Amino acid sequence: DQNEQPYRTSYHFQPPKNWMNDPNGPLVYKGLYHLFYQYNPKGAVWGNIVWAHSTSTDLVNWTPHDHAIYPSQQADINGCWSGSATILPGDKPAMLYTGIDPQKKQVQNLAVPKNLSDPYLVEWVKSPRNPLAAPTTANQINASSFRDPTTAWLGQDGVWRMIVGSKRRRRGLAVLYRSRDFVHWIKAQHPLHSAPLNGMWECPDFFPVSTNGVNGIDTSSLMDSGVRHVLKVSLDDTRHEYYTIGTYDRSRDRYIPSKGSVENDSGLRYDYGKFYASKTFFDSIKNRRILWGWINESSSVEHDIKKGWSGVQAIPRTVWLDKSGKQLIQWPVVELERLRTKRVDLTNKILRKGSVVSISGVTASQADVEVSFSVWRSDLEKAESLDPTWTNPQLICSQKGASVAGQLGPFGLKVLADEQMKEYTAVFFRIFKRRGNNYVVLMCSDQSRSSLDDDNDKTSYGAFVDVDPQHEELSLRTLIDHSIVESFGGMGKSIITARVYPTIAIGEGAKLYAFNYGAQNVTIPRLSAWSMEKAQINQSQR
Ligand code: DQQ
């Protein structure tokens, strides 16, 4: 129970015990959502990897099923690693995944449901032709860097395409394969895309987004106007993900990122905290694209073994292209709001300089908080100027943590805080001035005081948020779930997810506050906080 296991989550996806990493093959079939994931049936550390499986009618409550894909063939005898679902014509799901063969080579395999009349898709059969793609001396593929096939997409020519993550020396590669029958796959001469100095591209994801509105687009859509493409890669070297927005040149089968769009430190991330090996799928029921991502622990391996589990999934997020066309927007799936119960509100509250305001009446260790802040126009000019060499938001946040007073900010929330403020996680904004009448908004998640236990990684995270404080409010939505603080700034423009392990700010001991350590007052036009109900997640024991 929660007393013995204070860090188990109440509405973020977890198995009952053991190790979990990447989300695999998410899909919707006959009205049911499916999530598969990398899982170690034998312990709380990575190893013995199989695909565990759960289904849901609402993306919030989940029913566990037997393992869907596990070592059973030469082509995957040493592990069933990450992969993706494709819905073939006639509503037939197919799974492409990486297997580890007897020589420990990474190869690509196919599995399909045994019984399409079972909406739970509990049994999967593997192609007798596996592996369908393998490293050879002829194709010059690196046998230990060849994994994580994407959802395939169909061209006008009736040919399927998929990409597999790889590298050649230090160059990250999205190796392109083509097939007419989904079984015989042929490597294309050129990768779909590649980039220097990236190292291995894990878990690539390639999908179209609409240039007008929030609706998702099927990966195989042939629409070319009103569409941009997104390529996301997970960099094994830094454990960060980057995405670019660009154009898919169908005639050459090449992806061209828009100018200035890069897969490195100055690139765009889905999440500026902990979030990795993510994957989207097109939800044909609600016409939206949904993103899943893995959040690993910030505690030691010994700690994971002791508590008997490791890893959670982030709340599934709807993703779409921002009106600017320059970045994606992400927002927790609307179904999550059904867990909201007791609510407290503030309206037009002045948050005085130097103040901390308690927000009581909700279960602060299991909550959903939406708040907006606005600053007076006349105060904006008092903003500190941003040194042009300060380009790394995470570095600014680690140097200017929540306790460092400023002009405009820090203001925001202290969550998972105890009454004496011995422990808290601070999620906040600072506004800086740039040349001209230009302002920069920084969002931070400061974990440095999150736990009295020093045996955890308490690194702070930061992101710039593309909002203009002259004309817009600064909004923040934070999902608090015992050891998770998942924060959405600027209505989903910049997201930071953190793992924290408070020792006294747990259960009833956890409180919620708004604070302002800037030298100017700010206004909270609106704040709503909800206690969250516990979701039914994988509760029936196997
Ligand atoms: N996890 C899987 C790999 C993938 C990595 C193995 C990313 O397929 O590259 O568990 O976290």
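**Reading a Two-Domain Predicted Model**

Mentor: Over residues 12-332 the chain is 48% strand and 2% helix, and the end C-alpha atoms of this span are 11 Å apart. Please keep in mind throughout that this is a predicted model.

Trainee: Which feature does UniProt list for residues 12-332?

Mentor: The record, an unreviewed entry, gives "domain: Glycosyl hydrolase family 32 N-terminal" for these residues. UniProt also places "domain: Glycosyl hydrolase family 32 C-terminal", again from an unreviewed entry, at residues 335-531. In the model, that second span is 6% helix and 48% strand, with its end C-alpha atoms 15 Å apart.

Trainee: How many helices and strands does the secondary structure of the protein come to?

Mentor: There are three helices and 37 strands. The radius of gyration is 23 Å, close to the 24 Å that the globule rule gives for 542 residues, so the protein is as compact as a globular protein of that length. Its C-alpha trace spans about 70 × 55 × 40 Å along the principal axes.

Trainee: What share of the 542 residues count as buried?

Mentor: The share is 51%. Contacts along the chain offer another view: among those between residues at least 6 apart in sequence, 63% join residues at least 24 apart.

Trainee: Let us turn to one strand. Is strand E20 enclosed by the rest of the structure or not, and why?

Mentor: Strand E20 covers residues 288-295, and eight of its eight residues are buried, so the strand is largely enclosed by the rest of the structure.

Trainee: Which residues point one way from E20, and which the other way?

Mentor: The general idea comes first. In a regular strand, side chains alternate between the two faces of the sheet. In this case, Arg 288, Ile 290, Trp 292 and Trp 294 point one way from E20, while Arg 289, Leu 291, Gly 293 and Ile 295 point the other way. Residues of both sets are buried.

Trainee: How many bridges join E19 to E20?

Mentor: Six bridges join these two strands, which run antiparallel. Lys 279 has Trp 292 in E20 as its bridge partner. The two strands form a hairpin with four residues between them, and Asn 287 in the turn has a positive phi of about 50 degrees.

E20 has further antiparallel partners. Three bridges join E20 to strand E23 (residues 317-321), where Thr 318 stands opposite Ile 290. Two bridges pair E20 with strand E22 (residues 312-313), where Val 312 stands opposite Ile 295.

Trainee: Which residues that surround the ligand are the closest?

Mentor: Of the 13 residues that surround the ligand, the closest are Gln 38, Trp 81, Ser 82, Glu 202 and Ala 277. By class, the shell has five nonpolar, four polar and four charged residues. Strand E1 (18-29), strand E5 (80-88), strand E15 (201-210) and strand E19 (276-283) each supply at least two residues of this shell. E19 is also the strand that forms the hairpin with E20.

Trainee: Does Tyr 243 count as buried or exposed, and why?

Mentor: Tyr 243 has 21 C-beta neighbours inside 10 Å, and therefore counts as buried. Tyr 243 is found in strand E17 (residues 240-249). Leaving aside neighbours within four places in sequence, its contacts include Val 230, Tyr 270 and Leu 328.

Trainee: Which strands pair with E27?

Mentor: Strand E27 (residues 366-374) pairs with strand E33 (residues 474-481) in the antiparallel sense over eight bridges, and Phe 373 stands opposite Leu 474 there. Seven bridges join E27 to strand E37 (residues 522-532), also antiparallel; the bridge partner of Val 369 in E37 is Ala 529.

Trainee: Where along the backbone is a peptide bond cis?

Mentor: One such bond runs from Asn 130 to Pro 131, with omega near -5 degrees. Pro 131 lies in the loop between strand E8 (124-126) and strand E9 (146-147). Another runs from Gly 409 to Pro 410, with omega near 10 degrees, and Pro 410 is in the loop between helix H3 (393-399) and strand E29 (411-417).

Trainee: What is the phi of Asp 253, and what is that of Asn 348?

Mentor: Asp 253 has a positive phi of about 55 degrees although it is not a glycine. Asp 253 lies in the loop between E17 and strand E18 (254-257) and is partly exposed, with 17 other C-beta atoms within 10 Å. Asn 348, likewise not a glycine, has a positive phi near 40 degrees. Asn 348 is found in strand E25 (residues 340-351) and is exposed, with 9 other C-beta atoms within 10 Å.

Technical notes. Residues are numbered from 1 along each chain as its sequence is written. This is a predicted model: local features need pLDDT of at least 70, side-chain atom pairs count only at pLDDT 80 or more; totals for chains, interfaces and linings use all residues. A residue is near a molecule or strand if its C-beta atom, placed from the backbone, lies within 6 Å of it. Ala, Val, Leu, Ile, Met, Phe, Trp, Tyr, Cys and Pro count as nonpolar, Asp, Glu, Lys and Arg as charged, and the others, Gly among them, as polar. UniProt positions are given in the numbering used here, feature names are shortened, and annotations may be inferred rather than shown by experiment. The radius of gyration is taken over C-alpha atoms; the globule rule is 2.2 Å times the number of residues to the power 0.38. A residue is buried if 20 or more other C-beta atoms lie within 10 Å of its own, exposed if 12 or fewer, and partly exposed in between; C-beta atoms are placed from the backbone. Two residues are in contact if their C-beta atoms, placed from the backbone, lie within 7 Å. Two strands pair if DSSP finds at least two bridges between them.
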